[in-house]
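Here is a set of questions and answers for reading a protein model one place at a time. Keep the sequence and the structure open as you go.

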Amino acid sequence: MRQIFLNEDRYQYDIHSLFKAFYPSEDVKVTITADGEISTDLTDYYIVNYKYQDDSRLEGIIEMSLIRGDETALFQAQFCDSEDGKKNSASTSGASVDTCKNALKKLIYRALSKETGKDLPWGNLTGIRPTRIAMNLVDKGKSDEEIYDFMKNTYFVSDEKIDVSTRIARHEKEILKSIDYENGYSLYLGIPFCPTTCLYCSFTSYPIGAFKNIVDDYISCLEKEIDYVASEFAGKTLDTVYIGGGTPTTLEPHQMERLIGYMNEKLDMSHVKEFTVESGRPDSITRDKLRTMKKMGVSRISVNPQTMKDETLKLIGRRHTVAEFVDSYKMAREEGFDNINMDIILGLPLETSKDVAYTMERIAELAPDDLTVHSLAIKRGSRLAEILHEKELKGEISLKGADVINNTEEMMRIASEGAKNMGLVPYYLYRQKNISGNFENTGYAKPDKAGIYNILINEEVQSIIALGAGTVTKRVYGYDGRIERCDNVKDVKLYMDQIDEMIDRKRRLFE
Ligand code: SF4
């Protein structure tokens, strides 16, 4: 375990995240010690102290001590959060002083990098949207060189990640040019049912077999929410619609027709630039459903292999084979879908770089328009990790002693080169919460097929109204970029029981 003693509750979360990035498989504990009292059984630990120059707390130093038994290594950094102080120090020393937050993160990064001998591709960035930094700089008219210098000197980001962030930011900017996103809105509908529950699932998902009797009532609740949207956003432009889940294609064709038909009737869909329905699980796709979606105006779908290795699909609880995936994909093409996304996951249990290369080769044969590469970290104690260990004990598989199965830099490189060879360019990227190591998810697409909704939600530039159990609505205030959220409860039955309250929450958010 890594234990850090901190003399006040300031940037505690950033400190925790940065330690976790360097020590992904260890527990990290940050303890506030306002009185300076250190109490621990560990011989190795860390102390971080803020020391202010005066009561304004705008200037001072940060000290970080690495205690190793009887030995202590001390690191220090100066900070200044006042504009005047920064100007003074720049005029006397020639160098500008960092803000408290930047100075702290640089200090910890340097100390831990020295301790571990490691550099992290994303440097000391701990947020989930690193491309927003490049995006802000692009907005200010900065050149690629200026963006490079800033991301390198402030956050120690690797050359490769700076390059991809800058390219994504410029590409996103180009795509968003054609949308008056500040005056419009997007709509998300969640269908929380799936054919079976994948063992790695972290979403709201209920097996359709046991829940099919409530689906019609669930759609009625979505219709109530659509009524609210129709009245609250009348006169505003609806830019994109995204039906996700779960697996929306667990709905029967007549249920899809009912739901989309209701939207078409109540909302002005005439300006919608992109209408996506996740059809993720091939075992939920039928020709009838594809035809219904096409007829109802769906322009983009997702058919997800996750991997092209049958043994892995079985191991992770997906109830379809690679051959079934290929059939579903081809059926979607036959039914006229010309914008199909595929999701794959890196770091699946027992998969090697060779498996990832094989998956990329098989995917290239199908030429998707859009490919999203997800990273999976299987954590100790998770349901999937426990099931894998049980299988190992029974002699069914061998984990070779690994208790955490991670993707690797090499796998990420194979995936990004594979996407490039298919003519796909990266257009959005986000990192996972509680990042362990260097994980990120990247969306690649043909230049004219990038998912607009993905960009809008990732860059948080537009209000997205989310309907259904376990969804989160975001209100983006155009004038200052402030964001407020409200959520719908996750439990599907509770959501249905409390549908009026769910709508009231949105009403209050948009008052
Ligand atoms: S298809 Fe997606 S939402 Fe459904 S169980 Fe699998 S991971 Fe979860």
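The questions below go through single residues, one helix, one cavity and a few backbone angles.

This is a predicted model, in which local features need pLDDT of at least 70 and side-chain atom pairs count only at pLDDT 80 or more, while totals for chains, interfaces and linings use all residues. Residues are numbered from 1 along each chain as its sequence is written, and side-chain values use heavy atoms, with hydrogens and water left out.

Q: Is Lys474 buried or exposed?
A: Lys474 sits in strand 17, residues 472-476; helices (H or I, at least four residues) and strands (E, at least two) are DSSP runs numbered from the N terminus. Buried means under 20% relative accessible area, exposed over 50%, and partly exposed in between (1.4 Å probe, protein chains only). Because its relative accessible area is 10%, Lys474 is buried.

Q: Which residue's side chain makes a polar contact with the side chain of Lys474?
A: A polar contact is a pair of N or O atoms within 3.5 Å; within protein, one must be able to donate a hydrogen and the other to accept it, and residues adjacent in sequence count only if both atoms are side-chain atoms. The side chain of Lys474 reaches the backbone oxygen of Ile457 at 3.5 Å, but that partner atom belongs to the backbone. The side-chain partner, at 3.1 Å, is Glu460.

Q: What is the relative accessible area of Pro426?
A: Pro426 belongs to strand 14, residues 425-430. Leaving aside neighbours within four places in sequence, Pro426 is in contact (heavy atoms within 4.5 Å) with residues including Val164, His171 and Tyr444. Pro426 counts as buried because its relative accessible area is 9%.

Q: How many residues of each class, nonpolar, polar and charged, line the largest cavity?
A: A cavity is a set of points, on a 1 Å grid over the protein atoms alone, where a 1.4 Å probe fits but cannot get out, and lining residues have an atom within 4 Å of a point. The lining includes Ile191, Pro248 and Val277. Ala, Val, Leu, Ile, Met, Phe, Trp, Tyr, Cys and Pro count as nonpolar, Asp, Glu, Lys and Arg as charged, and the others, Gly among them, as polar. The lining therefore divides into no polar, no charged and nine nonpolar residues.

Q: Which helix gives the largest share of that lining?
A: The largest cavity holds about 50 Å³ of space, where grid points are joined across faces, edges and corners and a volume is the space filled by probe spheres set on the points. Three residues of its lining come from one helix, residues 253-266. That is helix 9.

Q: Why are the buried residues of helix 10 said to be on the same side?
A: In helix 10 (residues 287-295), the buried residues are Lys289, Leu290, Thr292 and Met293. An α-helix has 3.6 residues a turn, so residues three or four places apart point the same way. The arc is that of the directions from the helix axis to the C-beta atoms. The four are on the same side of helix 10 because they cover an arc of only 160°.

Q: How far apart are the C-alpha atoms of Arg507 and Glu232?
A: Arg507 lies in helix 18, residues 499-509, and is partly exposed, with a relative accessible area of 38%. Apart from residues up to four places away in sequence, Arg507 touches Tyr228 and Glu232. Arg507 and Glu232 are 275 residues apart along the chain, and their C-alpha atoms are separated by 7.9 Å.

Q: Which side chain makes a polar contact with that of Asn454?
A: Asn454 is part of helix 16, residues 452-459, and is buried at 9% relative accessibility. Beyond its neighbours within four places in sequence, Asn454 is in contact with Tyr242, Arg300, Tyr427 and Tyr428. The polar contact, at 3.0 Å, is with Tyr427.

Q: Where is the peptide bond with omega near 15°?
A: Gly246 is in the loop between strand 9 (237-245) and helix 9. The bond leading to Gly246 is cis, and runs from Gly245 to Gly246.

Q: What is the phi of Leu350?
A: Leu350 lies in the loop between strand 12 (340-346) and helix 13 (353-366), and is partly exposed at 34% relative accessibility. Leu350 is not a glycine, yet its phi is positive, about 65°.

How values were computed
On a 1 Å grid over the protein atoms alone, a cavity is a set of points where a 1.4 Å probe fits but cannot get out, and a pocket is an open set with protein on both sides within 12 Å along at least five of seven lines; lining residues have an atom within 4 Å of a point.
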